[in-house]
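Biologist: I would like to learn how to read a structure like this one with you. Could we take it feature by feature?

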Amino acid sequence: MTPRQRYPIPAARHRVEETILRSRFVTTVGHASSVEEARAFITAVSSEFPDATHNCWAYVIGPPGDTSRVGMSDAGEPHGTAGRPMLTVLIHSGVGDIAAVVTRYYGGTKLGKGGLARAYSSGVKSAVEGLPRRILITTTILAIIVDYPSADPLKRILSDYEAHVLSEDYGTRVTLEIELPEERADELSDAVSGLTKGTAVIEARGP
């Protein structure tokens with residue numbers, strides 16, 4: 001198992017709200033599996049609050065802690081007081097493929113840079129804590145071609161590798177199209193080779 005192939009992601013949008021020195025902060029977090037999805041999420045949430053003073057945002061695409069595809073914006077707040085604190089929380093949240101928008105309605109009292117950074121990071125922390133989650137499992141599909149006597153023994157070991165049969169074709173040999181978690185593919189391939197004494201043909205059909 002590797003963190004890139006199996007990790008928690010948001011199962012639904014989650015929103016929290018708090019008021020700090022009369023400024024109203026509304027934090028919305030949700031799932032985004034690509035930069036395009038993250039930007040669509042940001043646009044959708046921002047459109048819910050068109051009269052807000054700021055709609056600041058951040059996102060992390062990929063497994064928890066991966067910083068290869070991240071984004072952030074202070075959206076008019078002083079530099080470094082919103083997007084960066086939000087992104088830092090997301091990176092260390094233990095959740096992947098996640099986007100956050102913090103909407104602020106200014107209440108007339110300045111919070112200062114430190115106060116703003118604490119407010120924006122606090123909103124994201126609260127939202128992530130209550131976020132419903134599910135586990136993302138990256139799967140792959142293999143075509144396994146075996147002789148008839150090996151077909152049933154092969155089927156019996158599939159559950160050991162979290163694999164299931166998508167289709168079966170019975171011709172000169174038996175072809176089983178199998179779906180399983182990507183990180184178990186090498187293990188299953190080794191097991192099939194041992195089971196069939198190297199006579200099986202295994203073809204990758206992609207994710």
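Modeller: Let's begin with burial, remembering that this is a predicted model. A residue is called buried when its relative accessible area is under 20%. Thr81 has a relative accessible area of 2%, so it counts as buried.

Biologist: Where is Thr81 found, and which residues is Thr81 in contact with, leaving aside its neighbours within four places in sequence?

Modeller: Thr81 sits in the loop between β5 (70-73) and α2 (83-91). Once neighbours within four places in sequence are set aside, its contacts are Asp74, Lys113, Leu116, Ala117 and Tyr120.

Biologist: What is special about phi of Ala75?

Modeller: Phi of Ala75 is near 50 degrees, which is a positive value in a residue other than glycine. Ala75 also belongs to the loop between β5 and α2. With 32% relative accessibility, Ala75 is partly exposed, while Thr81 in that loop is buried.

Biologist: Which residue in the loop between α5 and β11 (201-206) should I look at?

Modeller: Try Lys197, which is found there. Lys197 is not a glycine, and yet its phi is positive, at about 55 degrees. Its relative accessible area is 75%, so Lys197 is exposed.

Biologist: Now to helices. How should I read the two sides of one?

Modeller: An α-helix has 3.6 residues a turn, so residues three or four places apart point the same way. In α4 (residues 148-157), the buried residues are Ser150, Ala151, Leu154 and Ile157. Viewed down the axis of α4, these buried residues fall within an arc of 135 degrees, so they line one face of the helix.

Biologist: Which exposed residues does the face of α4 turned away from its buried side carry, and what do the buried residues pack against?

Modeller: That face carries Pro149 and Arg156, both exposed. On the buried side, the residues of α4 pack against β8 (139-146), β10 (174-181) and α5 (185-195).

Biologist: Is Ile42 in helix α1 (residues 35-48) buried or exposed?

Modeller: Ile42, which has its place in α1, is buried, with a relative accessible area of 7%. To see what surrounds a residue, we again leave aside neighbours within four places in sequence; Ile42 is then in contact with Trp57, Tyr59 and Val101. Take the pair Ile42 and Trp57: they are 15 residues apart along the chain, and their C-alpha atoms are separated by 7.0 Å.

Biologist: How many helices and strands does the protein chain have, and what does the radius of gyration say about how spread out the chain is?

Modeller: There are 5 helices and 11 strands in the protein chain. Its radius of gyration is 24 Å, well over the 17 Å that the globule rule gives for 207 residues, so the chain is more spread out than a compact globule. The C-alpha trace spans about 80 × 25 × 25 Å along its principal axes.

Biologist: What share of the residues is buried, and what share of the contacts with a separation of 6 or more joins residues 24 or more positions apart?

Modeller: Buried residues make up 47% of the 207. Of the contacts with a separation of 6 or more, 71% are between residues 24 or more positions apart.

Biologist: And what about the surface and the charges?

Modeller: The protein chain exposes about 10,100 Å², of which carbon and sulfur atoms supply 51%. As for charges, the chain has 22 positive and 25 negative side chains, and the centres of these two sets lie 10 Å apart.

Methods: Residues are numbered from 1 along each chain as its sequence is written. This is a predicted model: local features need pLDDT of at least 70, side-chain atom pairs count only at pLDDT 80 or more; totals for chains, interfaces and linings use all residues. Side-chain values use heavy atoms; hydrogens and water are left out. Helices (H or I, at least four residues) and strands (E, at least two) are DSSP runs, numbered from the N terminus. The radius of gyration is taken over C-alpha atoms; the globule rule is 2.2 Å times the number of residues to the power 0.38. Buried means under 20% relative accessible area, exposed over 50%, partly exposed in between (1.4 Å probe, protein chains only). Contact means heavy atoms within 4.5 Å. Accessible areas come from the Shrake-Rupley method with a 1.4 Å probe; for residues, only the protein chains shown count as cover. Lys and Arg count as positive and Asp and Glu as negative; His and the chain ends are not counted. The place of a charge is taken as NZ of Lys, CZ of Arg, CG of Asp or CD of Glu. The arc is that of the directions from the helix axis to the C-beta atoms.
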